[in-house]
Amino acid sequence: MTKQNVVPAEVVAAIAVATSYPLFPYPPPRAGGRKKYLSQLELRGGRISAWVDSMKASSPTHDKGVVALSAAPPSVDACLDEQSAWVMRYPSALTMFEHIMSASKGKQIVMFLDYDGTLSPIVNDPDSAFMSDAMRAAVRDVARCFPTAIVSGRCLDKVIKFVRLANLYYAGSHGMDIKGPKKPRRTKARAKPVVFQAASEFLPMIQAVGFSSDLLAPNLCCYLLAKTPLQAYKALLERTKSTAGVKVEDNKFCVSVHFRCVDEKSWSLLLEQVRAVLKEYPKLWLTQGRKVLEIRPTINWDKGKALEFLLESLGFADCKNVMPVYIGDDRTDEDAFKVLRDRGQGFGILVSRFPKETNATYSLKEPSEVKDFLVRLVEWNRLSTKARSRVSIG
């Protein structure tokens, strides 16, 4: 076997897992359909198993579970073929940089960036997901050249605290809480002030689930759950405290249950605990991302809707000469990728070291490549501006 044919075991495992499951084990519930959605989860053991399998697939570095999927792991050559085919389908945005810039000629670029796994590495402690100074400088420089938004599952205040840049648009809680800069950059289009909360009516309920009890009066908690104040206060944090390694994060308009540090053998139990809490909240539903379960309002709003809202706020809703670029690594970013694909305008870039199904057009392997792409974008803009100045002077 030549050196080129040597593939790490975790890569072999990840390819097998990531290509064996759809993006979601179930579609999100439609209006009036949540009861049926939950009953399918609760009454069919296979459905629960599908959730757990999907939790594994959502973490491509996972090196177990392949044996459970197949008696014989895929061969190295098969994995190489799979990876090569995936790269052909979703080529590197760095390799295709000149082609991308050629397509942007005469168009206004608008940048949309996820945070975790895109601007910062994925870490065990979500409170320690810091971006590097070099990445912050790259984002700052991009924002000086183009309208730029950070679209994250984190609550708005937390992602602003992580990024620490004032000239950006921020969309927290998967786009349900949006805020623009105090002094928005001028664009050719007519922009509107940006402050928007898509799910404000759900805030008391979400806070109760996320155990933000200091923000709620006991009688309100009791009303929301139609149970005792003690049960209301316990909610998710109380229900999951017996599971070692779990971290419940209050993201204002959604609640994140991180299982990155939870033993895989406890994932089924954790899922049951979360579902038990959700039974009491008919207007909240469950989705998942990379080592995280997300509890969100049952409203027609996601990162794709946030992207469309920001484009409209910037004055580009019906503009033909705009090129939105969205870079993200998680399943929740697929909504934004799909919006761009359906619009036939702009493109998505998936950040992933492993093959998986996506609505993106291009790929990057990790945050360091995202930084390289942003740096090249800034340099391309500088050279383009300089060239246009020469033509104008001439």
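Trainee: What makes Val142 and Leu377 contacts of methionine 111?

Mentor: Contact means heavy atoms within 4.5 Å, and, leaving aside neighbours within four places in sequence, methionine 111 is in contact with residues including Val142, Phe146, Ile327 and Leu377. This is a predicted model, in which local features need pLDDT of at least 70 and side-chain atom pairs count only at pLDDT 80 or more, while totals for chains, interfaces and linings use all residues. Residues are numbered from 1 along each chain as its sequence is written, and side-chain values use heavy atoms, with hydrogens and water left out.

Trainee: Why is the set of 40 residues with Met111 called a nonpolar core?

Mentor: Such a core is a set of buried (under 20% relative accessible area, 1.4 Å probe, protein chains only) Ala, Val, Leu, Ile, Met, Phe, Trp, Tyr and Cys residues joined through side-chain atoms within 4.5 Å. The largest one has 40 residues, and Met111, Val139, Ile150, Ile327, Phe373 and Leu374 touch the most other members. Its largest share, 6 residues, comes from α7, a helix by DSSP (a run of H or I, at least four residues; strands are E, at least two). A second, separate core of 28 residues includes Val110 and Trp301.

Trainee: How do you know that β7 and β9 pair?

Mentor: Two strands pair if DSSP finds at least two bridges between them, and β7 (residues 255-258) and β9 (residues 292-297) have 4 bridges in the antiparallel sense, so they pair. Histidine 258, for instance, has valine 292 in β9 as its bridge partner.

Trainee: What makes β6 and β8 edge strands?

Mentor: In the open sheet of order β6-β7-β9-β8, β6 (247-250) and β8 (284-289) each pair on one side only.

Conventions:
Buried < 20%, exposed > 50% of the residue type's maximum accessible area, 1.4 Å probe, protein only.
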